[in-house]
Amino acid sequence: MTDRAGFYADIDDAEAAYLRGEPPPKREQAKPESLAMINSASLEGIDPPPRVWIVERLLPAGTVALLTGKGGVGKSQLALQLGVMVQRGHAFLGMKTHGCTVLVYSCEDDADELHRRYHRMVKSLGTHIRPPGQLLFAPRVGAGNALVAFDARTGITSPTPAYNALRAAAISAKAKLVIVDTVAQTFPGSENDRAQVTAYVNLLAGLALELKGCVLLLAHPPKNEAEYSGSTGWDGTVRARILLHEKDDDGLTRRYLKLAKANYAPMFEYEIVVDDYGVSHLADAPPETMADKIGAYQELANHKAVFLRALDKLTAQNRSVSHSERAGNYAPKVIIKAALHEGCTAKNLHAAMEALFADGVIQANAQVGKRANYSVITGIARTTRKTAEDAEPASEAAMHMASTIDLNTLVEAAE
């Protein structure tokens, strides 16, 4: 039997036309959407693009990942640490990161709590003068945070104003990592409804592709000790699923980070320890003591003083040096060859040079002299005047520079 309402444009108009002896107007059939396709022949002989990682072996770009863990285990704190390390481009639990802007969509911690957590974390991690990205907080406690809406009558899924605001902010900030804390606050559907779960994750996957980044979702597992709650759609639609959990071992509670599902990397499970400031470290690479940190600072200060003294001598000899490792006059190599290194290795001198660049004490491609034909010689040069401390012996210079270290954060951490 023909579905008249579906066949005719309007059933009332169709009946009226029939009574008039006219052919009833038929509903115009919708044209099928075109399916974008790639012919494999066009890929022959072309190397595929390398995979891009926000965090190597953990968070691939263009995907949605899920971090689960019971309440109080430290998911939000670990996610914040992840955001800080990605913003700085520093390794996260031994895994390399892509330094970029991070947006934290926080539905459970307000602005003051985020500030407190970040402040304590910096006491352990130290400050960063020029991070490659920004760390942006969007505190959403008490706001309407559902990112997707489900129409029970039609089954149609649509993004919400909250999602549109999140998307606009992430695009404007050029964020590559968006941390959504939590699923419970942003997913208004049923965790057991595969279609709703898939629609929610697909919406965020579209955002990840748009950003060429990653969306990390934080979620609580159920009370039955399963690794995630609800439909297997959660496991099937995310590209990486990470579990933060604890185990009892002979009366001791140990904490582990487990990559429970990985589409593009080997799975792992690492034991982690947490310092007094909430920062997690690999158990086999415990955090440095304050004495270690101060010692490393003093050692770097010594190497910086050696580099500057060598640079002054080379400049006085009208010899230029370069910051480029490919250059024939690469500064650390020239300094060692000229026996001006005072026991420092090339690695020591490279770290000192980068630190001096970051401090604004030296600059590259500056005029350092002139040749006999008056052409300009360029290379690394000071941006500040030589000071008396630079002329001290290495050990004394280290002691002097250590005495001028701002130990505020170190002292606070030691208290």
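**Exercise 1. The surroundings of T101**

Which residues does T101 touch, not counting residues up to four places away in sequence? Place T101 in its element, then decide whether T101 is buried or exposed.

*Solution.* Keep in mind throughout that this is a predicted model.

- Step 1: Start with the location. T101 belongs to strand β4, which covers residues 101-106.
- Step 2: List the neighbours. Leaving aside residues up to four places away in sequence, T101 is in touch with G133, Q134, L136, A173, K174, A175, K176 and L177.
- Step 3: Look for a polar partner. The T101 side chain comes to 3.1 Å from the backbone nitrogen of Q134, and Q134 is also one of the residues that T101 touches.
- Step 4: Judge the accessibility. The relative accessibility of T101 is 9%. Buried means under 20%, so T101 counts as buried.

**Exercise 2. The protein as a whole**

Find how many helices and strands the protein has, and what share of its residues count as buried.

*Solution.* Let's take the counts one by one.

- Step 1: The protein contains 13 helices and 15 strands.
- Step 2: There are 415 residues in the protein, and 39% of them count as buried.
- Step 3: Now turn to the contacts with a separation of 6 or more. Of these, 63% are between residues 24 or more positions apart.

**Exercise 3. Two helix pairs**

Describe how α3 packs with α4 and how α5 packs with α7. For each pair, say which residues make the contact.

*Solution.* A useful reminder before you begin: two packed helices are described by the angle between their axes and by the distance between those axes.

*The pair α3 and α4*

- Step 1: Helix α3 spans residues 75-88 and helix α4 spans residues 111-125; they pack at about 60°, and their axes are 11 Å apart.
- Step 2: With that angle, α3 is therefore oblique to α4.
- Step 3: The handedness of the crossing of α3 and α4 is right-handed.
- Step 4: On the α3 side, the contact involves S76, Q77, L80, Q81, V84, M85 and R88; on the α4 side, R117, Y118, M121, V122 and L125 take part.
- Step 5: Sorted by character, the residues of this contact are 7 nonpolar, 3 polar and 2 charged.

*The pair α5 and α7*

- Step 1: Helix α5 (residues 161-173) packs with helix α7 (residues 194-211) at an angle of about 15°, and the axes are 10 Å apart.
- Step 2: Angles under 35 degrees count as roughly parallel, so α5 is roughly parallel to α7.
- Step 3: The crossing in which α5 passes α7 is right-handed.
- Step 4: From α5, the contact takes Y163, R167, A170 and I171; from α7, it takes L203, L204, L207, E210 and L211.
- Step 5: The residues of the α5 contact with α7 include 7 nonpolar and 2 charged, with no polar ones.

**Exercise 4. Backbone details in the loops**

Find where the peptide bond from D181 to T182 stands, cis or trans. Then look up phi for K212 and for N318.

*Solution.* Each of these residues is best read together with its loop.

- Step 1: The bond from D181 to T182 is cis, and its omega is near 20°. T182 sits in the loop that runs between β8 (175-181) and α6 (183-186).
- Step 2: K212 has phi near 55°, which is a positive value in a residue other than glycine. The loop between α7 and β9 (214-219) holds K212, and K212 counts as exposed because its relative accessibility is 61%.
- Step 3: N318 has phi near 65°, again a positive value in a residue other than glycine. Its loop lies between α9 (290-316) and α10 (331-337). N318 has 36% relative accessibility and so counts as partly exposed.

**Exercise 5. Partners along the chain**

Give the C-alpha separation of P131 and R88, and that of E191 and T232.

*Solution.* Finish with two loop residues.

- Step 1: P131 is part of the loop between α4 and β5 (135-139), and at 28% relative accessibility P131 counts as partly exposed.
- Step 2: P131 and R88 are 43 residues apart along the chain, yet their C-alpha atoms are separated by 4.6 Å.
- Step 3: Not counting residues up to four places away in sequence, P131 touches Q87 and R88. R88 also takes part in the contact of α3 with α4.
- Step 4: E191 lies in the loop between α6 and α7 and counts as partly exposed, with 28% relative accessibility.
- Step 5: For E191 and T232, 41 residues apart along the chain, the C-alpha separation is 9.2 Å.

Definitions and conventions
Residues numbered from 1 in each chain as written. Predicted model: local features only at pLDDT ≥ 70, side-chain atom pairs only at ≥ 80, totals over all residues. Heavy atoms only, no water. Axes fitted to C-alpha atoms, helices over the stretch in contact; angles between N-to-C directions. Helix = DSSP H or I, 4+ residues; strand = E, 2+ residues; numbered from the N terminus. Parallel < 35°, antiparallel > 145°, perpendicular 65-115°, else oblique. Left-handed = near helix turned anticlockwise from the far one by under 90°. Contact = heavy atoms within 4.5 Å. Nonpolar A, V, L, I, M, F, W, Y, C, P; charged D, E, K, R; others polar. Buried < 20%, exposed > 50% of the residue type's maximum accessible area, 1.4 Å probe, protein only. Polar contact = N/O pair within 3.5 Å; in protein donor to acceptor, adjacent residues only side chain to side chain.
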